[in-house]
Amino acid sequence: MKTKSRIASIVKGNSLDSTVTGLPTFHLSELNLPNDLEFQLPTNIRLGHLAEKIVSELIKSSVNYNVLYENFQIVEDQKTIGEIDFIIENSIEKKLIHLELAYKFYLFDPSISSEIINNWIGPNRNDSLTEKLDKLKTKQFPLLYHNCTASNFDTIDISCVTQALCLLVSLFVPYEFKTKLAPIYEKAIKGYYVNLDTFISLDNPEKLYCLPSKKEWGMDPSENEIWTDYEGVENQINTSINEKQAPLCWQKHNGTYLSFFIVWW
């Protein structure tokens, strides 16, 4: 995994704002960052935690924000009742923010509902945008005001802390989807999704593929160096589909690059 490319993919990530989430938004563009940014990344953690680590390092590298607390567990009667992603400080304005971060991949299934927001689901249909927002609103953000939280923080005044969400998303629509979505969604669309039969029907000898590891999801496929034909990914795709795991696929063809999911459903 190319560290600089992984970092850049987060810095350039698209965040859903309050018009969708109903929550105050923190955009990574608010961070005043040095131009040539690079730092070590752990290799043994899952994608969501990797994104958290990158954002943590971005905040620490900025000249206008500091991290005061991160992954801070709230404990009541010796039992952990939740975790706060970040408490950060605007070092110029001296404002404190409880920041929750999420790095998600959602596919648009227009058959679910007439309400656009209800139609964004995880690649394996086991999570959704609305479920994530509900958890944030009912569990994550209220945790700051839990009656035992203040005693867990010994250096800040909880009453002075505001809250914000950084929800970084990569969105995918059905193959040959023609409907225009709101700009807030459109700018975050990274590709499409197909079932296995459609993927096979679209294959030709000139197309090359790569199935990135999950820790590479969201990176720019044009920076990938190792490619293969359909036969080179066929077994891995079939195994994933049989296990009801939708793989992300990168495609290289005639100098253009595509990202798409191959779904089992």
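In this predicted model, the protein carries 25 positive and 34 negative side chains. The centres of these two sets lie 1 Å apart. Some of the charged side chains pair up, and the count comes to seven salt bridges. Three of these pairs are described further below, after a look at the overall architecture.

The fold combines eight helices with 10 strands. Along its principal axes, the C-alpha trace spans about 60 × 45 × 35 Å. The radius of gyration is 20 Å, which agrees with the value near 18 Å for a compact globule of 265 residues. Of those 265 residues, 48% count as buried. Contacts across the sequence are well represented: of the contacts with a separation of 6 or more, 63% are accounted for by residues 24 or more positions apart. The surface that remains exposed amounts to about 13700 Å², and carbon and sulfur atoms supply 46% of it.

Helix 1, spanning residues 3–11, offers a useful view of how the elements pack. Its buried residues are Ser 5, Arg 6, Ile 7, Ser 9 and Ile 10. These buried residues pack against helix 3 (47–61), and also against two strands, strand 4 (95–108) and strand 6 (161–174).

The beginning of the chain also takes part in salt bridges. Glu 225 forms one with Lys 2, where the closest N and O atoms are 3.2 Å apart. This pair links distant parts of the chain, for Glu 225 sits in the loop between strand 8 (208–210) and helix 8 (230–242), whereas Lys 2 belongs to the segment before helix 1, 223 residues apart. Glu 225 has a relative accessibility of 65% and therefore counts as exposed. Lys 2, with a relative accessible area of 37%, is partly exposed.

A salt bridge also joins Asp 36 to Lys 4, with 2.9 Å between the closest N and O atoms. Asp 36 lies in the loop between helix 2 (18–21) and helix 3, and Lys 4 lies in helix 1, so the pair ties together parts that are 32 residues apart in sequence. Asp 36 counts as exposed because its relative accessibility is 62%, and Lys 4, at 41%, counts as partly exposed.

Within helix 3, the side chains of Lys 53 and Glu 57 meet in a salt bridge at 3.1 Å, N to O. The two residues are four apart in that helix, about one turn. An α-helix has 3.6 residues a turn, so residues three or four places apart point the same way. The partners have their own degrees of cover: Lys 53 is partly exposed, with a relative accessible area of 29%, while Glu 57 counts as buried at 17% relative accessibility, the cut-off for buried being under 20%.

Gln 140 gives a further example of a residue reaching other parts of the chain. Gln 140 is found in helix 4 (residues 129–140), and its relative accessibility of 16% means that it counts as buried. Leaving aside neighbours within four places in sequence, Gln 140 is in contact with Glu 83, His 98, Glu 100 and Lys 135. The C-alpha atoms of Gln 140 and Gly 82 are separated by 7.6 Å, although these residues are 58 apart along the chain.

Key
Residues numbered from 1 in each chain as written. Predicted model: local features only at pLDDT ≥ 70, side-chain atom pairs only at ≥ 80, totals over all residues. Heavy atoms only, no water. Rg over C-alpha atoms; globule rule 2.2 N^0.38 Å. Buried < 20%, exposed > 50% of the residue type's maximum accessible area, 1.4 Å probe, protein only. Contact = heavy atoms within 4.5 Å. Areas by Shrake-Rupley, 256 points an atom, 1.4 Å probe, with all protein chains shown as cover. Lys, Arg positive; Asp, Glu negative; His and termini not counted. Charge placed at Lys NZ, Arg CZ, Asp CG, Glu CD. Salt bridge = Lys/Arg side-chain N within 4 Å of Asp/Glu carboxyl O.
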